[in-house]
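Me: I'm new to reading structures, and I'd like to learn how the words people use are backed up. Could we go through this one together?

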Amino acid sequence: MIKTENLRKRVPLAEGELEILKGIDIEIKAQESVAIIGASGSGKSTLLGLLAGLDVASEGDVWIDGASLAALDEDDRARLRAEKVGFVFQSFQLLPSLTALENVMLPLELHGRDQPDNAARSFLQRVGLEERVDHYPSQLSGGEQQRVAIARAFAAEPAILFADEPTGNLDTATGAHVIDLLFEINREQGTTLVLVTHEQRLADRCERRLRLHGGALVGDESGSARHEPSSGAPHLRGV
Amino acid sequence: MTAWRMLLRDWRGGELGVLLAALVVAVAIVSGISAFTSRLQSSLEQESHRFLAADSAVSSSRELPEEWIQEAQSSGLQTAELLLFPSMVFADDETMVLASVKAASDTYPLRGELVFSREAFGELERGSEAPAAGTVWLDSRLFPLLSVDVGDTVTVGDASLRVAAALRSEPDQASGFLGYGPRLLMNMSDIPATNVVQPGSRVEYRQLFAGKPSLLQPFVEALEPRLVSGQRLLDIDNSQRGIGSALDRAESFLLLAGSLGVVLAGVAIALAARRFSERHYDYVAILKSLGAESGRINRLYGASLLMLGTFATLLGGALGWALQALFFSLFGDALPVEPGPAGPRPYIVGAATAVVCLLAFAWPPLGRLSSASPLKVLRRDLPNAVRRSALDNGLGLVAVLGLMLWYSGDVELTLAVLAGLTASVALAAGAAFLLLRGGRLAGMRAGSIWRLGMASLQRNGGANTLQVVIFSLAIMLLLILVLVRTSLLEEWQMQLPEGTPNHFLLNIAPEDVNAVREMLADETVLSEPLYPMIRGRVVAINGDELGRGDDAGEGPRERESNLTWSTALPPGNILVDGDWWAPDSREALVSVEEGMAESLQVGVGDRLRYLVGAQPLDVTVASIRRVDWESMQPNFFMVFPPAVLQDLPATFMTSFYLPPGDKRFLNGFIRSYPTVTVIEMDVVIAQVRAIVTQVSAAIELVLGVILVAGALVLIAGVQSSVDTRMHEGAVLRALGAGRGLILGGVVIEFAALGLFAGLLATVSAEIAVYVLQTRTLDMSYSVHPEIWMLGPVTAILMIGMLGVWNCRRVVSSPPALVLREL
């Protein structure tokens, strides 16, 4: 599903170059859930950006479903994202001028789906926000905003979901609720999940944990991920 | 996702409002001013045609070819003919008065109206036909002079004609013979019977033409090369020097104002578009992370812009129409004629302006949105795509240049304005940076409010430099308009101040000089000194005899002109070359008027031979003078030291001011000195005044509109920086800063911006006004100390208040709310 080879990222600085990623080789299988963990500045988010094709590697390559990202230009990568990739961000990244419903409709519209609002509505219902469809992001709490973001991420039924510190801006209880939702829908849709976190609790729920330190991969552990909900989130049948 | 839906959503988000408003304002201002000026111009043009009583006219001292009339008629033009000459008019009792006779064909006047009354001073009536054959209309003043009434007969030459009405006003009374004595208007068909027009008589023949410009223009253009010496094409410029130049300057000013309006609008649009695009970088990053390609982003924003432009054009056009309609409904009464139609052009201009503004000002930043990195969704601190400011500004400059050229069709005006703008921007950019640095240094030593304000100024050095440049640009444009308007109006008023001589007396015999002087003094009329006047003719220059009359050949010809003497340089004259003679000079010298010197091709030191009567007079050119021919003072081409002319036969002349109610003085005067010629200029002056007043009103109105545009630019400029300031203010408040501190900081910051901008604007405005007045408007220039206070103070007040008003929410709403919304 996702494969990297000698993935390196360097950024120019005044006093020379800084290597943020120092040759990462990983392979992530379809439907696998993977957490990228490590301290701040270890290169987690940079790796995520490269895997998702949001950024370009200085050296090495990423393959998604066998397609080399290095061979694609920005627009080709955008098309690939539209087809296969969904995102959940730490800072939610909802468009402030759009309602919750419209935010969820966005990827559907970019896909050219028929009746995007029906699908969007049902996803919002799936995350328990059917009452807030017409609210703007500024009228929603952080947890609610992230649930909208989750609905948006899954609405296009992506093959891969990238999540960047999805609970980073949320309190523990809300964060746990959001995590439950994320894993539930992930399981329902059979999505490959790659998330960046420094929260052990979240990492532990993934099937696999990649540990970064100073831009290098220092650990790759597969372990007994706990799939059961950690809180009493409503288990709604979606879609 | 369709662009339309994005627009709708963005509209709800409120970000689009600024851009749309700027665009609507731009289109409204451009189409409004364009409609206003073109309606005003067409009305002023009508007004000016009224002064010829036609659209175009040819005049000559010899008979004009009859076939021109036939050609004009077959081209579909209306025609009329005039014959003007001075003649003695007799009443039955042998009383006689020198009258200025105008014989007109039936169709006269082609433009404007004749105002007459059935009795000498009776009720006014209007008509557009000349007196019928066998009848005359007399100037009211002729009735007492001749002791006649309506119905009596008067004799012109050999013809007896019945007095049918009193002529109170004629459209073209200001042009040509200017009324040597009171007017007598008669029918052209009675001329043969008078036998007064003989070969060699002093007469002026005139052919008048009127018709649609599409018919008239080719006719006039074909006529022009056929004119021979002595035949003149009359237009507003040469029939009405004062009015012509007033109109030209008014037109230049309105065009200038319109162009500056466009510059202001362009700046407002560029600011709004930049702000819009900056706020949309995150939006585009999210869209791209969700899989939108750059082509799609471009199409999205392109289509949005297209819809926005269409909407803004419609709305702005309607607003522009309403604006000029409002002007005319408020001030239309002040206009002498109905405002003409504006036609579709103003709205085409408005739409084209919208297109150009969108392409040149709005699209560059929006087009770059598609290059936004999707990585921005992960790293919010990532800088936005590189601003290609130089390229943007270059494109904006080219657009402004093109638009201004298109509006004004005047290369020089455009370049002058552009030079001012460029100088201003360069100056402002450099100086703003230095000033901001200096401000910081000063602030470091001051209290915390000052430190806050000044630190904030310098922290955003680049953005603030840009703001100072924009503010100073807007203020400079406003200052330019105020200055040019003020000096334009002042010059006009100075040209014809209250008490300007409105009557000329010619042919005063030397023995009557003292008596006339006393009579004028007794009646307490304001009069100029009495100048001697001698008719003389230049016959040779440096010993070379000159060609005569209509002789073919190059070089200067013999010129007859009025000679006078004076010990001192006549008031209002300016010496441009050479020196004035000592009061008691007995040297054979002459001072020549600039234009005359040019046409004679003489300079200081050249020897001229005059013939006065049969007596030769040899003199050397001592100086060249500039004379203001519009001053209504007695002006002379040639001035000599008194000793040179003293022995030659002279008559005297003067000019004086007669208040409108004292016209009867003339009757007594004419009776006492029947040989003195009275030239009445009061009507001309009144007409010039009326036009100047109307044009001034128009200029004030246009200035008002531009002021609105300038204020909008200031608002857009302040708004563009409000987000950061709001954010900083909210953070400071969250940290516990009091409202007073934050508000004080904002006040200081914006006031300092205003001060810098005001100073820069004042300097650039002086430079631009200098160029404009000396090069384009053909006026003299002097420094304007008044704006050195006005500019900076106004700027501080306006920008300070706008800044505080826009940032008021920082102190009026809870910081958490502000922080959350940003």
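**How we know what we say**

Me: What makes residues 225–239 of chain A a stretch to read with care?
Reply: This is a predicted model, and pLDDT stays under 50 over residues 225–239 of chain A. As pLDDT is the predictor's confidence on a scale from 0 to 100, these residues sit in the lower half of that scale. The model does have 27 contacts beyond four places in sequence for them.

Me: And how do you know what the confidence is for chain A as a whole?
Reply: Chain A has an average pLDDT of 85, and 93% of its residues score at least 70.

Me: Why are chains A and B said to be in contact?
Reply: Two residues are in contact if their C-beta atoms lie within 7 Å, and 23 residues of chain B meet that test with 26 residues of chain A. So the word "contact" applies to the two chains. On the chain B side, the elements giving two or more residues are α1 (3–13), α8 (241–289), α9 (294–331) and α23 (815–821). That side has nine nonpolar, five polar and nine charged residues.

Me: What makes a residue count as buried?
Reply: Having 20 or more other C-beta atoms within 10 Å of its own. By that test, 49% of the 239 residues of chain A are buried, and 46% of the 822 residues in chain B are.

Me: How many helices and strands are there in each chain?
Reply: Chain A has seven helices and 11 strands, while chain B has 23 helices and 23 strands.

Note on methods: Residues are numbered from 1 along each chain as its sequence is written. Chains are lettered from A and ligands numbered from 1 in the order in which they are written. This is a predicted model: local features need pLDDT of at least 70, side-chain atom pairs count only at pLDDT 80 or more; totals for chains, interfaces and linings use all residues. Helices (H or I, at least four residues) and strands (E, at least two) are DSSP runs, numbered from the N terminus. Ala, Val, Leu, Ile, Met, Phe, Trp, Tyr, Cys and Pro count as nonpolar, Asp, Glu, Lys and Arg as charged, and the others, Gly among them, as polar. A residue is buried if 20 or more other C-beta atoms lie within 10 Å of its own, exposed if 12 or fewer, and partly exposed in between; C-beta atoms are placed from the backbone.
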